[in-house]
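Colleague: Please give me a close look at one part of this model. Begin with the annotated stretch, then follow the chain as far as you need.

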Amino acid sequence: MPRTTDGDGPPVPQRLLAAATRLFAEQGYDRTSVQEIVEAAGVTKGALYHYFGSKDDLLHEVYARVLRVQQERLDSYANADEPIEKRLRGAAADVVVTTIENLDDASIFFRSMHHLSPEKNKQVRAERRRYHERFRALVEEGQAAGVFSTATPADLVVDYHFGSVHHLSTWYRPDGPLTPQQVADHLADLLLRALRP
């Protein structure tokens with residue numbers, strides 16, 4: 001059985017994901033071979049197949065690890081004992097910050113999602129839908145309470161915000177004029193302004 005770590009280094013799965021993320025970002029998923037990934041991670045193909053059944057599994061995990069963090073954080077905002085405006089604003093800003101913090105993962109995924117197997121593609125869509133539905137429930141809660149306008153359907157409000165989030169990888173630059181938190185604050189404020197009654 002492959003070792004989880006080599007001495008003091010990071011665990012093998014973490015090294016494989018880091019190598020795959022870097023290579024997928026630099027040269028594209030379809031132009032990256034399994035051999036290149038294992039060489040960059042300093043492990044054998046056996047180790048890769050022990051932790052990930054295929055390159056497809058690696059691509060799925062690149063996205064799934066970010067979505068897991070985002071889902072946990074969204075649940076935390078949604079369940080907080082605070083006014084709905086504060087909870088929605090926090091959740092709206094958080095998804096921007098966590099996306100920027102994982103920009104390579106997000107750009108790889110949106111460029112390469114079509115390479116996933118039908119089963120993995122379906123799984124990812126279900127995970128994203130769960131996230132979007134939880135976010136939409138916050139909008140609907142505020143609309144039902146009369147805090148947010150009902151002029152725009154909640155689905156469209158959510159699509160509007162996530163359209164901005166999904167395009168971050170096309171324009172955001174770490175050396176640009178805005179920090180991740182500043183971008184997050186601006187986009188969250190835009191969302192709340194659009195929902196004012």
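Modeller: UniProt positions are given in the numbering used here, feature names are shortened, and annotations may be inferred rather than shown by experiment. The UniProt record, an unreviewed entry, places "domain: HTH tetR-type" on residues 10-70. This is a predicted model: local features need pLDDT of at least 70, side-chain atom pairs count only at pLDDT 80 or more, and totals for chains, interfaces and linings use all residues. Residues are numbered from 1 along each chain as its sequence is written, and side-chain values use heavy atoms, without hydrogens or water.

Residues 10-70 are 77% helix and 0% strand (DSSP runs: helices are H or I of at least four residues, strands E of at least two, numbered from the N terminus). The C-alpha atoms at the two ends of this stretch are 23 Å apart.

Take helix 2, residues 34-41. Its buried residues are Val 34, Ile 37, Val 38 and Ala 41 (buried is under 20% relative accessible area, exposed over 50%, partly exposed in between, with a 1.4 Å probe and protein chains only). Look down the axis of helix 2: these residues fall within an arc of 90°, so they line one face of the helix. The arc is taken over directions from the helix axis to the C-beta atoms. The general rule: an α-helix has 3.6 residues a turn, so residues three or four places apart point the same way.

What covers that face? The cover of the buried residues includes helix 1 (12-27), helix 3 (45-51) and helix 4 (55-79). After helix 2 comes Gly 42, with a positive phi near 70°.

Now the charged pairs. The structure holds 14 salt bridges (a side-chain nitrogen of Lys or Arg within 4 Å of a carboxyl oxygen of Asp or Glu). One of them joins Glu 26 to Arg 22, with closest N and O atoms 3.5 Å apart. Both residues sit in helix 1, four residues apart, about one helical turn. Glu 26 is exposed at 57% relative accessible area. Arg 22 is partly exposed at 39%.

Another salt bridge pairs Arg 31 with Asp 30, at 3.8 Å from N to O. Arg 31 is exposed, with 58% relative accessibility. Asp 30 is partly exposed at 48%.

Further along the chain, the side chains of Glu 140 and Arg 136 form a salt bridge at 3.4 Å, N to O. They lie four residues apart in helix 7, about one turn. Glu 140 is partly exposed, at 38% relative accessible area. Arg 136 is partly exposed too, at 22%. Salt bridges with shared partners also join Asp 75, Arg 130 and Arg 134 into one network.

Helix 7 (residues 118-144) also holds Gln 143. Is Gln 143 buried or exposed? Gln 143 is buried, with a relative accessible area of 13%. Its side chain reaches the backbone oxygen of Ser 149 at 3.0 Å. A polar atom of the same side chain lies 3.1 Å from the backbone oxygen of Thr 152. Leaving aside neighbours within four places in sequence, Gln 143 contacts Phe 148, Ser 149, Thr 150, Thr 152, Ala 154 and Leu 195 (contact means heavy atoms within 4.5 Å).

Technical notes. A polar contact is a pair of N or O atoms within 3.5 Å; within protein, one must be able to donate a hydrogen and the other to accept it, and residues adjacent in sequence count only if both atoms are side-chain atoms.
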